[in-house]
Structure formats: structure tokens, C-alpha cells
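Trainee: Could we go through this model together? I would like to start with the sheets and then turn to the helices.

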Amino acid sequence: MRAFKTFLLKSYSLKPYSIKALALTISMAIPLTLSATTPLPAQANETSIYSHIATAQPIWAKYGMVSSQEALATQAGVEILKQGGNAVDAAVAVGFSLAVTLPRAGNIGGGGFMLVHLNEPNKTIAIDYREMAPSSAHRDIFLDKDGNPVDKLSREHGLAVGVPGTVMGMELALEKYGTMTMKQVTDAAIKMAKQGIIVTPDLQASLSGLKRRIAQWPSSAEIFYKADGSDYQSGELLKQPELAHSLSLIAKHGSKGFYQGETAEKLVSAIQEAGGIMTLADLKNYKVVEREPVVGEYRGYQVVSMPPPSSGGIHIIEMLNMLEGYPIKELGHNTAATLHLMTESMKRAYADRSEYLGDPDFYDVPVKALLSKDYAKHLASQISLDKATPSSEIKPGKLAPYESNQTTHYSVVDKWGNAVSNTYTLNFSYGSGLVAKGTGILLNNEMDDFSAKPGTPNGYGLVGGEANSVEGNKRPLSSMSPTIVMKDGKPYIVTGSPGGSRIITTTMQIIMNVIDHDLNIAEATYAPRVHHQWLPDVLRVEHTLNRDTQSLLQAKGHEVKVNNAMGSTQSIMVTEQGIFGSSDPRRAGSETAGY
């Protein structure tokens, strides 16, 4: 038995506490005997936990699971579940922990979106804690005297910082839908900040690679680099006592410990010294908004995702609506025929994004029209099966007839059937790079997500329109796409990803890999990805995509470009056989674990 446990640990990267349950379940697995003519059964219908067909194996748990981009944060969330906390309690604990352990994206100085599904009373809530522009921000704030955007102002400057939403978002989720206190769910994060974390190879490489942007701010350099200016090495201890203090104020006073008092004063002082315009009133007046999720249907499954000011949910559903009329399963996984159709749907959705998406509190986003199946059929009718449509010939659709990167994602499910899908960010890696002196808090550069000059691309190459122009108290458009796919009214896939403009297409591919191609959640995660965002007219692919497939796509007229890996999905699948999860191998240091 000891040898068997060792084999399971090595083969499936499982924690010791899950071995006993797994061993018992595997002993009941049904062996498969296949001939050359035997059709491969769908993963979702198999009774065995680990299929002999699968080329990648997910993590299994019986009661609850956390999938995040950093192992210590995942463990903090699992510990909350084991203590009797629900998915929301665990999600908030993970959120605060990532602020310590994954400083390039985890944060309390940024913002994001949380999708919460409650088993009782069977409802899903979208919590919008996206950053807001300071009240005195205006349309031309990032333009020079000639009317051209100045990148540094919206990326590495006090003007780049939007009013953070993370702390208030986490507080609202915890108070309304959690069961634990703020003190309980911040305990792990405070201890890690105070006592220190071991620098991983991933963190070392990240801090070294972005030293210019971070170390230009003395308050940041004194935290993330040694006193002599040298880099922290893998295996060394990184302590963040100022961040521990800031977190302790939140533990004691809730969001008032961040948006008012000493932390607020230090944040505003740092931002204004860096040329920014944020005020104490801006912080005090920040509000979280609960919104209705956008909902679509794809091949009998319900797709629930984030509404505006995220563009993600709308365009995931819009693309799936376009693709639903095609026999994707028969065309095959990642074949040229399938990827061609996916690419053509991506172009049309991103063209619409450029025109119609913005903060719904400032702009009337035509949600109903964009989600219309009839509109999708109209767009799909323009797609040629054999030839790529040049982006120059694709314009934002006419909706009237149908109107009746560095970010991090984590997913949590609990034993009661509750689920959380959360994506939050500082925007660029380490945000603006600026730590507010005396707080340990990295500040976002989320203002770059506005259209500094409508019609010109932002830092992710995305073109935005008037709907996303800069305005005081407005929330910038986002691609963040926390998503829950429902099967028979219950969470089936909980997923999402970082990746800037590529978040939307990455999340869609996870969904299609499972629903269309019967891949388990690990196979769906590991599969090569593609991305097209209308402009520039380039089909970006990962280097693992078959070379013959790339050639066939080029023959159809696509300009194929092999580029960096895309996304870092953290996904969970809930089945009758238990809970399965998978962390994306594209980023080091992530972990999926359960109990």
C-alpha cells in the first residue's frame, strides 16, 4: 500500500490527505478495452476517475477545491475550506494571500471581478470591484499638446492609478455571502507578509526581469530588492512588514482600514507625489457594484459570465453563439477547419468590442443585441469555410435589428455546491510599479485600460471607442472573464484566466475543449491555444500547435504568428465522480488542491 501511495503522489501530484479517497475510488474504476473501431467515450460519461484515454490527469478531491496561480495562496484557501468555511470565505482568503505571494498580480491596490454561485438559493451574483477613475480625470488626461497619447502617463505615473476596488470587493463578498470574519480570512496573508515567504524561482525571475520599472520608485526598491540594490535569490526569505500592517488594519477595521485613515492618507500622498490627481474623497467614495451576470447557452450548457464593464462574458457568449451552428466536434480538436471558424468568430467579436463596450453606468451597452443568437447567425453567415476574411473588411456589426496580461485568476468550489470564479489585477505586471511608501501596497496602472485616444490601441493592442473614453468616476473596460458553466442548473466548469486581451479567447477555448471535444479539465488546460483580436490582423498561436495545422491555416489566408504562451487558467470541474481541477502549466508556481 505504501508503494501505491508513493506512485499516486508522483503520478498525480496529489496531497497526502487525498490519497486514501483516491485509492478507494480508483479500485472501483472500470477498465476500458478498445479496438480500432471502438468509438472513444465522452469523458463526462465515464465512471472511472482516471481514464486510460486521457493524455493529462487532473487533480481530484471529494469535498472542495481551490485552483490558483500560487501554491501558498491555494493552501490558505483549502485550509479555510477544511475549517468549515464556504467557497466565498476561501476565495477571500486566497485573494488577500495572493497580494503577498504573487505581487505582480495579486493585490489590494487593484481591482477585479468576482462571480459567486450560491447553491441555496441557486443564484449567481456578479461583483464588480473594478477600479474607478479619480473624480477629476478627463477625456484628454493622457494626451500631449498635439493630441497624441503619452504612454508613460497612463502606465508609470501617478495619473496611471485608478481608485482600487479589491478590498471593498472582498469585504462585500465576505459580509453578504461568506460565513467567517475578516480577521479569520486575512490571518494567513498577514502571517506570510510578517514572517516572510521563500522566494521561488518564478518570483525571482519576475522581480529581476522587471527591475527597471519597479526600482525606479525608491519605496518599491526597498521592499523588492536588497539594501545594496541586488536581487533576492531563489530560496531566500522576503518579508513585507508594511504590507502586514496594512492587512492588519483591514482585519481590524474592514474596508475603512484601507479607504480611510492612515493607509488612505499614505496612498494619496504617494500618488500625488508621483503626479497623480487622486484624493482622499475619491477613496472614501469608492463603491462596489453587484450586477446581473450575462448568461448564454451553448449546446445545452448554460454559460454564466461577467457583464460590462468586463467585455469578457459578452464576447465569449457571442463567439460561442456564432460557432454553435457548426459541427465543431466532428471537425475535430485544434484542426485547421475548427481553428479557422474560431478565428473568424474572434475577429467579429473583437470588432464589436471596439465599438460597443464600456462602463454601463456611463454608456448604454447593447447587451441584448450582442448576445442575440439571431445576430450571431447573421455574423456567422459572413464566414467563408475556406478563406479568411481580412480584418479590414470587418466592421463593428449593425445591432439595431437585434436590440429587443498580468492578471491572475482563481477558482473555488465547496462541499455545499457553492462556487467562486475570481479574476483581479494591477493591469501590467506589478501595476505601475509604485509602492505607496509605508504601506507595502503596489498600486495599479489600470487607467491605461481606458481609450486614451479613441480609435488608437492601448497597452494590449486593443482598439477602443468613445464608449471607453476617460471620464471621472468611470470604470475602464476590461477583458477579465470569470466564468461558470452550468450543467443541469449546477456548476460544472469554474474557470478564467489572466492574459490581457487574450483572456476572452483563452476562456472560450477551455469551454469548447470540454464541451465540444470531451477533454478532461487537465487536457483542456494543456491544449495549444490561438488568439485573434481583429486588429492587428494576425492569428497568434502557441508553438506547440501542429506545424501542418499552421500551414493549412496560412493556406486559408491567415497570417499565423507563433508567439508566447497564452493565459494561466485555473479551472475546476464538478462531476458525479468528484471534483477535478487543473492549474495551467504555462506559469510556474501555481497549484490546484482539495480535500
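Trainee: How do strand 9 and strand 14 pair?
Mentor: Strand 9 (residues 301-305) and strand 14 (residues 483-487) pair in the antiparallel sense, over four bridges. Two strands pair if DSSP finds at least two bridges between them. Strands (E, at least two residues) and helices (H or I, at least four residues) are DSSP runs, numbered from the N terminus.

Trainee: And which residue stands opposite Gln302?
Mentor: Met486 in strand 14 stands opposite Gln302.

Trainee: Before we go on, what sort of model is this?
Mentor: It is a predicted model, where local features need pLDDT of at least 70 and side-chain atom pairs count only at pLDDT 80 or more, while totals for chains, interfaces and linings use all residues. Residues are numbered from 1 along each chain as its sequence is written, and side-chain values use heavy atoms, with hydrogens and water left out.

Trainee: What is the strand order in the open sheet of seven strands with strand 9?
Mentor: The order is 1-20-19-15-14-9-8, with antiparallel pairing. Strand 1 (59-61) and strand 8 (294-298) are at the edges with a single partner strand each, so one side of each has no neighbour in the sheet. Neighbouring strands of this sheet are turned by 25 degrees against each other on average, direction ignored.

Trainee: Which helix packs on that sheet?
Mentor: Helix 15 (residues 312-323) does, touching strand 8, strand 9 and strand 14. Contact means heavy atoms within 4.5 Å. The direction of helix 15 makes about 20 degrees with that of strand 8. Axes are lines fitted to C-alpha atoms, for helices over the stretch in contact, and angles run from 0 to 180 degrees between N-to-C directions.

Trainee: What about the sheet with strand 7 at its edge?
Mentor: That open sheet has seven strands in the order 7-4-3-11-10-2-21, with antiparallel pairing. Its edge strands are strand 7 (289-291) and strand 21 (591-594), each pairing on one side only. From one strand to the next, the twist averages 15 degrees.

Trainee: Where does helix 4 lie?
Mentor: Helix 4 lies across strand 2, strand 3 (111-118), strand 10 and strand 11 (419-425), and runs at about 155 degrees to strand 10. Helix 3 lies across strand 2 (65-68), strand 10 (407-413) and strand 21.

Trainee: How do helix 3 and helix 4 pack?
Mentor: Helix 3 (residues 71-82) packs with helix 4 at an angle of about 155 degrees, the axes being 8 Å apart. That makes helix 3 roughly antiparallel to helix 4, a label for angles over 145 degrees. Among the residues in this contact are Ala76 and Ile80 of helix 3 and Ala90 and Val94 of helix 4.

Trainee: And helix 4 with helix 6, at what angle do they cross?
Mentor: The axes of helix 4 (residues 87-101) and helix 6 (residues 166-177) cross at roughly 160 degrees and come within 9 Å. Helix 4 is therefore roughly antiparallel to helix 6. The contact includes Val92 and Phe96 of helix 4 and Met170 and Leu174 of helix 6.

Trainee: New topic: where is Asp231?
Mentor: Asp231 is in the loop between helix 10 (218-224) and strand 6 (237-238). Leaving aside neighbours within four places in sequence, Asp231 is in contact with Ser208, Lys211, Tyr225, Lys226 and Glu236.

Note on methods
Angles under 35 degrees count as roughly parallel, over 145 as roughly antiparallel, 65 to 115 as roughly perpendicular and the rest as oblique.
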